Structure formats: structure tokens, C-alpha cells
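Please open the model in a viewer and keep the sequence panel at hand. The tour below proceeds from selection to selection.

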Amino acid sequence: MTTHSEHRTPSSTPPTAPAPGAAVTRSWAVSPEPFTTGDATRLRRAYYAEVAGRYWRREVTEAEIDQGLLDFPDDGLEPPTGQFVVGRLDGAALACGGVRLLDAVTAELTRVYVDGRARGTGGGAALLRVLEAESRALGAERVRLDTRSDLVEARALYARHGYVEIPAYNSGPYAEHWFEKRLV
């Protein structure tokens with residue numbers, strides 16, 4: 001499953017600030033990719049560095065990132081129990097996300113991340129479209145997720161795309177808000 005925005009540009013470098021008055025067109029492509037590829041691994045590490053750093057209110061070390069990835073493995077993010085996707089903005093890998101089945105009709109979003117340089121360009125929406133399609137392909141009728149209070153941008157993204165807050169469905173150590181979206 002791949003999605004593209006309506007805007008295209010031949011650039012393959014990460015986004016930069018446009019010149020004043022310049023028209024900007026950018027294109028997101030999101031597709032499944034093993035979470036072990038170089039781009040996927042770099043993005044998963046960046047995701048963990050950001051969420052852990054925001055939680056601890058400091059930069060995290062490479063050793064802490066390594067330990068975090070061991071403590072919260074990406075198991076289940078490959079068929080037949082899930083899927084991992086990488087988003088590319090004009091060819092540059094700048095976003096990722098995963099989905100895994102919790103049960104026969106419920107999928108869970110995880111590792112949803114857009115590099116700070118690409119925020120506000122539609123990457124979050126592109127990720128959600130593909131992750132929801134991948135969830136449907138796995139047989140899910142609904143998608144759930146948990147997140148923290150300090151991840152205000154993520155909570156706003158989910159609300160904009162039809163996710164509603166629900167009672168806790170898990171007891172994750174960092175879960176403070178739970179969301180769900182019906183797919184059918």
C-alpha cells in the first residue's frame with residue numbers, strides 16, 4: 001500500500017525553508033518496509049530518542065536508545081500480525097509507523113513518527129492513511145492507540161483524523177490517553 005500527496009517536486013533532499021514568495025510542492029510516499037532496514041532503523045531510533053527525551057526532559061544517550069529498543073521491541077510489526085511503514089518526503093525517509101493486531105478485529109498503532117524537519121507537510125496524515133489501510137488488510141475493524149499527555153501534536157493529529165478518546169484498553173507504563181477509530 002502506497003500513498004502520495006497531490007503535490008510533486010523532483011527534489012530528493014529533506015525539506016528546507018522556501019524562498020519568500022516561492023511556491024512549495026512536496027510529495028509523500030508511504031509504503032511497507034521491514035523495520036530492520038537502514039532507514040527504518042534510523043527512524044525508529046529517532047522516534048525513541050524524541051519520546052524518551054521529551055519524557056525525561058533531556059537528551060537521551062545512544063545506550064538509552066539501544067536499551068529502549070530492547071525493552072519495547074518491534075515484534076508483531078510484520079505480516080501476518082502487523083506491518084511497518086516508512087514515509088518519504090520527496091524521496092527522503094522522514095516518517096515511520098507500525099500497526100499490529102491486538103485481536104482478530106483490533107489493530108494498534110505504534111511508533112508513529114515524523115521527523116521535525118517534515119512536520120506540517122502532511123506526513124502524519126499520509127502515515128495514518130496507509131496504516132489504516134494496512135490494518136484493514138489484516139482484517140481489523142478498528143484501530144486503537146495509546147499516547148502520553150506531553151505528545152500534544154500526536155493527540156491533535158489523531159483527533160483531526162477521526163480518532164476519539166476511549167477508556168484505557170491497556171496498562172502501558174507511559175499510556176495516559178487512549179484513542180480508537182472504527183474502520184468499517
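Begin with the whole chain in cartoon representation: it contains 4 helices and 8 strands. The model is a predicted one. Followed from the N terminus, the elements appear in the order β-β-α-α-β-β-β-α-β-α-β-β. Of the 184 residues, 44% count as buried. Among contacts with a separation of 6 or more, 63% are between residues 24 or more positions apart. With the surface switched on, the accessible area comes to about 9400 Å², and 54% of this belongs to carbon and sulfur atoms.

**Helix α2**

Select residues 62–71, which form helix α2. Which residues of this helix are buried? They are Ile65, Gly68 and Leu69. Viewed down the axis of α2, these buried residues fall within an arc of 95 degrees, so they line one face of the helix. An α-helix has 3.6 residues a turn, so residues three or four places apart point the same way. On the other side of α2, Ala63 and Leu70 are exposed. Add residues 38–56 to the selection: this is α1, against which the buried residues of α2 pack.

**The loops around α2**

Next, select Arg57, in the loop between α1 and α2. Arg57 is not a glycine, yet its phi is positive, at about 60 degrees. With a relative accessibility of 78%, Arg57 counts as exposed.

Move on to Pro79 and Pro80, which are joined by a cis peptide bond with omega of about 10 degrees. Pro80 is found in the loop between α2 and β3 (82–89).

Asp90 is the next stop, in the loop between β3 and β4 (92–103). Asp90 also has a positive phi, near 50 degrees, in a residue other than glycine. Is Asp90 buried or exposed? Asp90 is buried, with a relative accessible area of 10%.

**Ser135 in helix α3**

Select Ser135, which belongs to helix α3. Ser135 has a relative accessible area of 0% and is therefore buried, the cut-off being under 20%. Leaving aside residues up to four places away in sequence, Ser135 touches Val99, Ala107, Ala140, Val143 and Leu183. Draw a distance from Ser135 to Glu108: the two are 27 residues apart in sequence, and their C-alpha atoms lie 8.4 Å apart.

**Thr147 in strand β6**

Now select Thr147, in strand β6 (residues 142–147). Thr147 is buried, at 6% relative accessible area. Which residues does Thr147 touch, not counting those up to four places away in sequence? They are Ala154, Arg155, Tyr174, Ala175, Glu176, His177 and Phe179.

**The largest pocket**

Finally, display the largest pocket, whose volume is about 1200 Å³. Its lining comprises 48 residues, of which Tyr47, Val51, Arg111, Val112 and Leu151 lie nearest the centre of the pocket. Colour by element to see which ones give two or more residues to the lining: α1, α2, β5 (106–114), α3 (123–137), β6 and α4 (152–160). Helix α1 supplies the largest share, 8 residues. Recolour the lining by residue class, and it divides into 23 nonpolar, 12 polar and 13 charged residues.

The tour may be closed by showing α1 and α2 together with the pocket: the buried residues of α2 pack against α1, and both helices are among the elements that give two or more residues to the lining.

Terms used:
Residues are numbered from 1 along each chain as its sequence is written. This is a predicted model: local features need pLDDT of at least 70, side-chain atom pairs count only at pLDDT 80 or more; totals for chains, interfaces and linings use all residues. Side-chain values use heavy atoms; hydrogens and water are left out. Buried means under 20% relative accessible area, exposed over 50%, partly exposed in between (1.4 Å probe, protein chains only). The arc is that of the directions from the helix axis to the C-beta atoms. Contact means heavy atoms within 4.5 Å. On a 1 Å grid over the protein atoms alone, a cavity is a set of points where a 1.4 Å probe fits but cannot get out, and a pocket is an open set with protein on both sides within 12 Å along at least five of seven lines; lining residues have an atom within 4 Å of a point. Grid points are joined across faces, edges and corners, and a volume is the space filled by probe spheres set on the points. Ala, Val, Leu, Ile, Met, Phe, Trp, Tyr, Cys and Pro count as nonpolar, Asp, Glu, Lys and Arg as charged, and the others, Gly among them, as polar. Accessible areas come from the Shrake-Rupley method with a 1.4 Å probe; for residues, only the protein chains shown count as cover.
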